[in-house]
Structure formats: C-alpha cells, structure tokens
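Q: I'd like a close look at one part of this chain, and then a walk outward from there. Could you take me through it in plain bench talk?

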Amino acid sequence: LLTATKEPFLVQIGANNGTSSDPIHKIIKEISPEGILVEPLPDAFSLLTQTYKDHPKITLVNTAIANIDGEMTIYRINKEFESTYQETTKDCKNLSGASSFKKEQVVSYLRNYFPDSECEKNVIAEQVRSLTFKTLMDIHKVKKIDLLQIDTEGYDFEVIKMVLSVENFKPRTINFEHKLFSDKENEECLQ
C-alpha cells in the first residue's frame with residue numbers, strides 16, 4: 001500500500017519504543033515515509049527517539065491521544081516489577097507496552113503472564129500530556145494519512161471514533177488492535 005503511494009504519510013498512535021511488536025517498524029526502515037509517531041510514556045519515548053534518530057522525515061511526539069488537550073492518567077506496570085521480570089521472562093519482553101487509560105487492561109495483561117503475583121499492586125498511575133487527534137493534526141498541519149496504526153491497549157476504538165469525527169479527514173487505511181474490544185465495540189467498529 002505505502003510503496004505504491006507517492007509521498008506516503010503515516011501516523012502511529014501508541015508507538016512505544018518503535019521496535020517491540022511494532023507492525024510499521026520495517027516499513028519505516030525500508031521506505032522512509034514521512035509521518036508522526038506518538039508515545040505518551042517518557043521512558044518509552046526516549047527509546048523511540050533512539051530508534052528513529054536517523055529518520056528525519058519521522059516526527060516524534062511525546063503525548064497521549066485522548067478526548068482532551070491537557071493531561072490524563074495512564075496506568076502502567078511498575079518499572080521495578082518490569083525490570084525484574086524483563087530479564088527472566090522470555091514470553092514477556094516488553095512490559096512497557098502494557099500501558100492504558102484503563103487500569104483493568106493492564107492488570108489483566110499482567111495476570112496473563114503472572115497469575116500468582118499481586119498484579120494490582122504492580123500497576124501504577126502516571127500523569128501524561130494529552131492531545132485530541134484533531135489538535136495533533138492541526139499542530140502538524142497534516143492533510144492526509146495513508147496509514148494510521150493504532151495500538152493503545154483497549155483505547156483503540158475511542159481513538160478511531162476521534163479520527164472519524166474529524167470533518168473531511170479520513171485515513172486511507174487504519175490498522176488497529178481489536179482483540180481487546182468488547183463485542184459491542186467490535187460490532188460498532190464494523191459499521
């Protein structure tokens with residue numbers, strides 16, 4: 001899709017570190033499209049900056065996409081717990097990717113890997129900067145998106161609704177993580 005597009009433009013919401021379970025990392029490395037990658041967590045954003053330091057057409061933005069311009073509470077795994085298990089658990093290499101506006105999503109993620117641990121106490125709240133999707137597009141003067149990649153751990157449907165509510169602005173392709181959608185959200189999204 002992007003290789004056939006003249007001057008392709010992509011936006012990624014929930015970019016994390018730019019490599020772990022990232023479906024667009026290879027695209028960026030191979031065809032160097034222009035785009036915006038968004039990541040709210042400062043430590044993940046720092047790694048993202050390193051990943052794309054040699055890609056001048058990629059703009060990195062340290063914010064969350066939410067329904068307000070301001071600050072939001074995001075839930076994430078305690079960094080001490082994360083670093084302890086990162087070294088010992090091969091199946092769970094990137095715990096920083098399990099952050100969400102929905103605390104129950106992060107607790108549930110932890111329970112999948114660590115059913116015997118006290119998951120709730122290892123999930124912490126952190127304040128992050130937030131922008132609406134429209135504000136992000138206005139700030140960066142985006143006129144078109146060929147590929148919109150969304151991975152926001154249970155908030156994807158809210159982001160999709162924000163994107164589709166922007167007048168006269170429809171991404172050519174939207175790729176998102178739907179496995180965390182409720183049945184109702186899946187049904188609504190298909191409409």
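Where does L60 sit?

A: Keep in mind that this is a predicted model. L60 belongs to strand β3. With a relative accessible area of 22%, L60 counts as partly exposed, because a residue has to be under 20% to be called buried. As for company, if you skip residues up to four places away in sequence, L60 touches L37, F45, L48, T49 and Y52. Of those, L37 falls within the range of strand β2, residues 34-38, while F45 and L48 fall within that of α2, which runs 42-51. There's also a long hop along the chain to point out: Q12 is 48 residues away from L60 in sequence, yet their C-alpha atoms are 9.7 Å apart in space.

Just before that strand comes a loop worth a stop. H55 is in it, between α2 (42-51) and β3 (58-61). H55 has a relative accessible area of 11%, so it is buried; the cut-off for that is under 20%. Once neighbours within four places in sequence are set aside, the contacts of H55 are I28, K29 and S32.

Strand β2 leads on to a pocket. With 3 residues, β2 (residues 34-38) gives the largest share of the lining of the second largest pocket. That pocket holds about 210 Å³ of space. Its lining is made of 15 residues, and E7, P8, F9, E34 and K144 are the ones closest to the centre. Sorted by class, the lining has 6 charged, 5 nonpolar and 4 polar residues.

Carry on past β3 and you reach a sheet. It's an open one with 3 strands, ordered β4-β6-β5, and the pairing is mixed. β4 (64-65) and β5 (70-77) are the edge strands: each has a single partner, so one side of each has no neighbour in the sheet. Now for the two pairings. β4 runs parallel to β6 (residues 123-131), and 2 bridges join them. A64 is bridged to S130 of β6. Helix α4 (residues 103-113) packs on this sheet, where it touches β5 and β6, and its direction is at about 15 degrees to that of β5. The other pairing, β5 with β6, is antiparallel and has 8 bridges. Here Y75 has A125 in β6 as its bridge partner.

Further along the chain, take V163 in helix α6 (residues 156-165). Its relative accessibility is 0%, so V163 counts as buried. Leaving out neighbours within four places in sequence, V163 is in contact with F133, L148, F169 and P171. F133 is 30 residues from V163 in sequence, but C-alpha to C-alpha the two are 6.3 Å apart.

To step back to the whole chain: there are 7 helices and 8 strands. Of the 191 residues, 48% are buried, a group that includes H55 and V163. Among contacts with a separation of 6 or more, 70% join residues 24 or more positions apart. The V163 and F133 contact is one of these long-range ones, with the two positions 30 residues apart in sequence.

Key:
Residues are numbered from 1 along each chain as its sequence is written. This is a predicted model: local features need pLDDT of at least 70, side-chain atom pairs count only at pLDDT 80 or more; totals for chains, interfaces and linings use all residues. Side-chain values use heavy atoms; hydrogens and water are left out. Helices (H or I, at least four residues) and strands (E, at least two) are DSSP runs, numbered from the N terminus. Buried means under 20% relative accessible area, exposed over 50%, partly exposed in between (1.4 Å probe, protein chains only). Contact means heavy atoms within 4.5 Å. On a 1 Å grid over the protein atoms alone, a cavity is a set of points where a 1.4 Å probe fits but cannot get out, and a pocket is an open set with protein on both sides within 12 Å along at least five of seven lines; lining residues have an atom within 4 Å of a point. Grid points are joined across faces, edges and corners, and a volume is the space filled by probe spheres set on the points. Ala, Val, Leu, Ile, Met, Phe, Trp, Tyr, Cys and Pro count as nonpolar, Asp, Glu, Lys and Arg as charged, and the others, Gly among them, as polar. Two strands pair if DSSP finds at least two bridges between them. Axes are lines fitted to C-alpha atoms, for helices over the stretch in contact, and angles run from 0 to 180 degrees between N-to-C directions.
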